[in-house]
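Please take a first look at the sequence and the model. The report below goes through contacts, sheets, a helix and aromatic rings.

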Amino acid sequence: MSAGNLGLLQAIDRTGALAGRLEVKHWPVTVGRSLTADLVLDDSHVAAEHLRIDRSPDGVVVVQVLDTVNGVALNRARHGRNTEFNWPDGEALTLGRLKLGLRLAEAPVATEERLPHFPWRTTGWTLLAVAAMLALVVGQSWLTLTEPSQLARQLPGLVAAVAMAVSVWAGLWALATKLFTGHLQFWRHVRIACASSVAIQLAATLSGLLAFMFSLESLSRFEVPLMLLGAAAAIYVHLSVIVPQRRRGLAGLVAGIAVLGIVAMLGTNWLQNKRLSNKLYMSTLYPPSLRMAPAVPLAQFLGEAGALRQRLDVRLKDREPDSDTPEDPDAE
């Protein structure tokens, strides 16, 4: 910055590219799309003269919003036309689709940063997340196989399928991140996908395993809503990478959609089957050696089976066609 400069204004677009730059040599300065403005910006959401920036004798930077429809945002506060506010040092203004920053001449210069080296820590976390996901998938397959020797034959195809699924999923999110932020962030999305998949599968497997071990069938019946909640949390983390400045709004949006989806699913199950879950029994049986619950006495088993038969008879009777309804001669 040459002698006589009072500050530096810089406008950055969503990708982080420089959209405008002005060496401030006098106060006040104006910002807008008009060629009469001191800092001219090429953004259709910015007014001809959007704002005026001045500095008071005591050193406070004051922003005056001019004739604009969209106004100016400072953090979460939005200021409309013909308003005035102080601009704290180090904060950025949002006008249109641009971020406007101000660096005063007397502001201290940040210390020099070292050049980036190979990201050993990030690479280690990525490899750990991928290895954990593969280990969980292999372990879950081993638990569900009746013959453990089959695992060796299925292992190559299983690993290839997992790698393909993670690559496609993370690649799509990386393309969206590149579109909105200018950075690919592929490996970050890989870590998110693997970590979230491990968490979801662990929760689902643990609930099914506990249900099998202790005869708690209710834990396995609501496995799908539990997995939907985990998937919603994973999608929120992916979205927060794309739009980090809207995390609170994204959290509310994703949570609302997830709750509505779960309520709709449970309501549909209730209307169709008169129960919240659509699972009548456990879909996965683990090795009998893992059973911890005591065996059910024969008399209790026969009593529960009889009660179940009575409920089924009532359901079948409700579904029988009305005797007054004529039969369709073409039904056969």
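## Val-62 and its contacts

Start with Val-62 in this predicted model. Setting aside neighbours within four places in sequence, Val-62 is in contact with Arg-52, Ile-53, Asp-54, Glu-84, Phe-85 and Asn-86. Val-62 sits in strand 6.

Is Val-62 buried or exposed? The relative accessibility of Val-62 is 17%. Buried means under 20%, so Val-62 counts as buried.

One more distance places Val-62 in the chain. Val-62 and Val-224 are 162 residues apart along the chain. Their C-alpha atoms are separated by 54 Å.

## The sheet of 5 strands

Strand 6 belongs to an open sheet of 5 strands. The order is 4-3-5-6-9, and the pairing is mixed. Strand 4 (39-40) and strand 9 (84-86) stand at the edges. Each has a single partner strand, so one side of each is left without a neighbour in the sheet.

How many bridges join strand 6 to strand 9? There are 3 bridges between strand 6 (residues 61-65) and strand 9, and these strands run antiparallel. Gln-64 has Glu-84, in strand 9, as its bridge partner. Glu-84 also appears among the contacts of Val-62.

## The sheet of 6 strands

Another open sheet has 6 strands, in the order 2-1-11-10-7-8. Its pairing is antiparallel. At the edges stand strand 2 (18-24) and strand 8 (77-79). Each of these has a single partner strand, so one side of each is left without a neighbour in the sheet. From one strand to the next, the twist averages 25°.

Inside this order, strand 7 (residues 72-74) is joined to strand 10 (residues 93-95) by 2 bridges. The two strands run antiparallel. The bridge partner of Leu-74 is Leu-93, which lies in strand 10.

## Helix 6

Helix 6 covers residues 247-273, which makes 27 residues. What span should helix 6 have at 1.5 Å a residue? The expected span is 39 Å. The end C-alpha atoms of helix 6 are 38 Å apart, which agrees.

Several residues of helix 6 are buried: Leu-250, Val-254, Ala-258, Ile-262, Leu-266, Asn-269 and Asn-273. After helix 6 comes Lys-274. The phi of Lys-274 is positive, near 60°.

## Aromatic pairs

A pair of aromatic rings is described by the distance of the centres and the angle of the planes. This structure holds 2 aromatic pairs. One of them joins Trp-169 and Trp-173. Their centres are 5.9 Å apart, with 70° between the planes, and the pair is edge-to-face. Both residues lie in helix 2 (residues 150-181). They are 4 residues apart, about one turn of the helix. Trp-169 has 40% relative accessibility and counts as partly exposed. Trp-173, at 14% relative accessibility, counts as buried.

Phe-186 and Trp-187 also form a pair. Their ring centres lie 5.1 Å apart. Why is this pair edge-to-face? The planes stand at 75°, and over 60 degrees counts as edge-to-face. Phe-186 counts as partly exposed, at 22% relative accessibility. Trp-187 counts as exposed, at 54% relative accessibility.

Key: Residues numbered from 1 in each chain as written. Predicted model: local features only at pLDDT ≥ 70, side-chain atom pairs only at ≥ 80, totals over all residues. Heavy atoms only, no water. Phe/Tyr/Trp six-rings, centres within 6.5 Å; stacked < 30°, edge-to-face > 60°. Buried < 20%, exposed > 50% of the residue type's maximum accessible area, 1.4 Å probe, protein only. Pairing = 2+ DSSP bridges. Axes fitted to C-alpha atoms, helices over the stretch in contact; angles between N-to-C directions. Expected span 1.5 Å × (residues − 1). Contact = heavy atoms within 4.5 Å.
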